2 protein chains.
Amino acid sequence: MPVNYTPPAPDSLLPVAGVRLGTAAARIKSWQRDDVLLVALDEGTAAAGVFTKNRFCAAPVTVCRRHLAPATHPDARIRALVYNAGNANAGTGVAGIADAERTCAAVAGALGCRPHEVLPFSTGVIMEPLPVEKIVAALPVAQAALAPDRWFAAVSAIMTTDTVPKGASRRADVGGVAVTVTGIAKGSGMIHPDMATMLAFVATDAPIAAGVLRALAADIAEVSFNCATVDGDTSTNDSFVLAATGKAPLAPIVRLDDPRVPAMRRALTEVAIELAQALVRDGEGATKFMTIAVEGGHDAAECRRIALGIAHSPLVKTAFFASDPNLGRIVCAIGNAAAPDLDPSLVSFWLGDVLVVDRGGRAGSYREEDGQRVMKGEEIAVRVALGRGSARATVWTCDFSHDYVSINADYRS
Amino acid sequence: MPVNYTPPAPDSLLPVAGVRLGTAAARIKSWQRDDVLLVALDEGTAAAGVFTKNRFCAAPVTVCRRHLAPATHPDARIRALVYNAGNANAGTGVAGIADAERTCAAVAGALGCRPHEVLPFSTGVIMEPLPVEKIVAALPVAQAALAPDRWFAAVSAIMTTDTVPKGASRRADVGGVAVTVTGIAKGSGMIHPDMATMLAFVATDAPIAAGVLRALAADIAEVSFNCATVDGDTSTNDSFVLAATGKAPLAPIVRLDDPRVPAMRRALTEVAIELAQALVRDGEGATKFMTIAVEGGHDAAECRRIALGIAHSPLVKTAFFASDPNLGRIVCAIGNAAAPDLDPSLVSFWLGDVLVVDRGGRAGSYREEDGQRVMKGEEIAVRVALGRGSARATVWTCDFSHDYVSINADYRS
């Protein structure tokens, strides 16, 4: 069960004009459910992506990067996305890339577009050959099912260890016109900034030119998906794609300094943050949702490094699971992640509203029962003040439970 | 139960001339056992230490560093070590340092030496005031118990979540004279290079001058304790102290290029490696012992970073726990830790003697049952070849089990 997250009602995910979705069962694993998703995008749609930094990136990520390369495809026109769950097509070498291209070619043939206008995505077990025949064979069923109102079914088809489908929608007034933003995301383990085992797709009917869309995708990933971490492992397949169909009756947004950009950015960011937090709330075995905010650093990178140090410490995460205000483990994690010149005697931190460490030592006012009260909650805020600058950073994470071990020890069986 | 580790028989830890050990029960926690250790060193003993790099280092570490500072104490003469379990005296600010100094002063008064000739060590819960009165009150009992043959009792008194006492001895021929090396260590969680929540003490009766001893301590830590990792958390208290009493009938070793140094180094290193591996074998919740060797890198730092990337991945560690040859998780961990310019198509790796990934892709010869056979063992070797240089590095780690979560969720209760 996710922490304080109710999955969207199937009809709460708003259709985006120009986007149709269809699913099918390719039976890649023994699941009794759909595991292939086809997304058809109307002509004129631009797309931009942010992908994993893992050096062993998966074949579909390599193919996505090629198909979105600004040098070769400056307009970033994309007509379809094709997803499968159950096999990541990662660690599969040149054969894996050929398989991903083959899937794109099959989709292109079915929809009547060019193969480079198709983006492939895979999630699941790594280092096993992609069952490309099964996926291609399932495409006609997915194509026949294409419809604008199938966002919920779409995200359900790409889940792996997720316990609930995750999606979000917003309506926004952009330049006097109501535009729609809808996004979906999957992933609940191997989740870490830059990016998660995470596939996220956010679409809008606003007309946004390729260059602006690329800048928005990068900026939004930085403040949403790249702030979410479950276990510190960055997957081979992480992909966040932002698509703009241009169907809304609005003049195209072609420059980042267009006065309509802030409203557009806000709606897209809200959807992305809601999805990113939902991934953490549904983190493998999660029983608590933690917001780790570090302020007062020299620069944002320092704050982020310390926030991640806390978020990734197995000792901190197990203490959160136990609702144990084990302050020492947080202090220890700060000390490990800090730069050599950090002065511990300037560092303070709070659990919720409770001052715990006051300039390097246990706060005189701190009482164990106050820490206990905060730790018993399902939502826990940790705030650290480094006392030497004005930069800040925030990450979201979850605790480390028995179920995390069970889920990850049993996943392949 | 540790993985393939039998604790030393009480009489197998050889006395070291010039070292006497005594324990007492200060009742720092509700344990029904001794929790204070006093080590008395004969006049003329030199000592050197390697300590945690955690920025929030504990008060006793600060005091040890002062008492061993070459500028103030060039000869590194040390007459006593005093340890307590149950409280780490970390995150305790200036009061903690005063408490550690007060313990040293009490020991100095009892043994008739100077306070700066005493080194203090603490292990246990962080951020709670040290019950210094209890420790001081227990010293007379520990002093009355001082004897050369109490190494086993000594290490038993400083255990925390350790399940067995850990110690090792060697006899070595150094320049035609038989010298003795005996060491003890505690620690089973929060264990990570630079260093572990680990207190290790290794003594020899050989006469080794301060400068040589410092160089040996640093070198030996690098190839022993700094290669051991349980959970990636570096504690606030880690300390490795090497003492040379000079009681053996041997001319002093005053230079690193003395021809007797290699034999001396070998004996000390063997004891340190045996202790370091014992810490991992007794890692919290460990069911498997893994040796991760990375070769073919540009430099040792690159190899070490990738080895630690594999060793610290919760997904890899849970797969080892499940005896699951989940190759993808290892590939993923390599890809996360690798430098941006690493070429995945040159990378190969082996599980035991089984070639799994051959230059970037699954090896044609690989069969799941072969990987399964290796993973079912209690001792698992992972070897990674980066294919771009001649540097190498090795780390030892353990798996991540349900018991790790239980131990760390319940530790304070």
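The second largest pocket of this predicted model holds about 360 Å³ of space. Its lining consists of 20 residues, and those nearest its centre are A:Pro344, B:Cys57, B:Gly93, B:Val94 and B:Ile97. Two elements of chain B, helix H1 (59-68) and helix H2 (93-111), give two or more residues to this lining. By character, the lining residues of the second largest pocket comprise eight nonpolar, eight polar and four charged.

Chain A contains an open sheet of five strands, arranged in the order E3-E9-E8-E7-E6 with mixed pairing. At its edges stand strand E3 (46-51) and strand E6 (166-174) of chain A, each of which pairs on one side only. From one strand to the next, the twist averages 15°. Strands of a sheet pair through backbone hydrogen bonds, in either a parallel or an antiparallel sense. E6(A) and strand E7 (residues 177-186) of chain A pair in the antiparallel sense, over nine bridges. Within this pairing, A:Val174 stands opposite A:Val177 in E7(A).

Two helices of chain A may be considered together with this sheet. Helix H5 (residues 210-223) of chain A packs on the sheet and touches E3 and E9 of chain A, its direction making about 30° with that of E3(A). Helix H1 (residues 59-68) of chain A lies across E3 and strand E9 (239-244) of chain A, and runs at about 140° to E3(A).

H1(A) is mostly covered, with seven of its 10 residues buried. The buried residues of H1(A) are A:Ala59, A:Pro60, A:Val61, A:Val63, A:Cys64, A:His67 and A:Leu68. Their cover includes E3, helix H2 (93-111), strand E5 (118-125), H5 and E9 of chain A.

One residue of helix H5 of chain A is A:Glu222. Why does A:Glu222 count as partly exposed? The reason is its relative accessibility of 41%, because partly exposed covers the range between under 20%, which is buried, and over 50%, which is exposed. A:Glu222 and A:Val280 are 58 residues apart in sequence, and their C-alpha atoms are 16 Å apart in space.

Burial also marks strand E1 (residues 19-24) of chain A: five of its six residues are buried, so the strand is largely enclosed by the rest of the structure. E1(A) pairs with strand E2 (residues 36-41) of chain A in the antiparallel sense over six bridges, and A:Leu21 stands opposite A:Val39 in E2(A).

A further open sheet in chain A has six strands in the order E13-E12-E11-E14-E10-E15, and its pairing is mixed. Its edge strands are strand E13 (361-362) and strand E15 (391-398) of chain A, each pairing on one side only. Strand E11 (residues 348-351) and strand E12 (residues 354-358) of chain A pair in the antiparallel sense over three bridges. There, A:Trp350 stands opposite A:Leu355 in E12(A).

In chain B, helix H8 (residues 314-321) is largely enclosed by the rest of the structure, because seven of its eight residues are buried. The buried residues of H8(B) are B:Pro314, B:Leu315, B:Val316, B:Lys317, B:Thr318, B:Ala319 and B:Phe320. After H8(B) comes B:Ser323, whose phi is positive, near 55°.

Note on methods
Residues are numbered from 1 along each chain as its sequence is written. Chains are lettered from A and ligands numbered from 1 in the order in which they are written. This is a predicted model: local features need pLDDT of at least 70, side-chain atom pairs count only at pLDDT 80 or more; totals for chains, interfaces and linings use all residues. Side-chain values use heavy atoms; hydrogens and water are left out. On a 1 Å grid over the protein atoms alone, a cavity is a set of points where a 1.4 Å probe fits but cannot get out, and a pocket is an open set with protein on both sides within 12 Å along at least five of seven lines; lining residues have an atom within 4 Å of a point. Grid points are joined across faces, edges and corners, and a volume is the space filled by probe spheres set on the points. Helices (H or I, at least four residues) and strands (E, at least two) are DSSP runs, numbered from the N terminus. Ala, Val, Leu, Ile, Met, Phe, Trp, Tyr, Cys and Pro count as nonpolar, Asp, Glu, Lys and Arg as charged, and the others, Gly among them, as polar. Two strands pair if DSSP finds at least two bridges between them. Axes are lines fitted to C-alpha atoms, for helices over the stretch in contact, and angles run from 0 to 180 degrees between N-to-C directions. Contact means heavy atoms within 4.5 Å. Buried means under 20% relative accessible area, exposed over 50%, partly exposed in between (1.4 Å probe, protein chains only).
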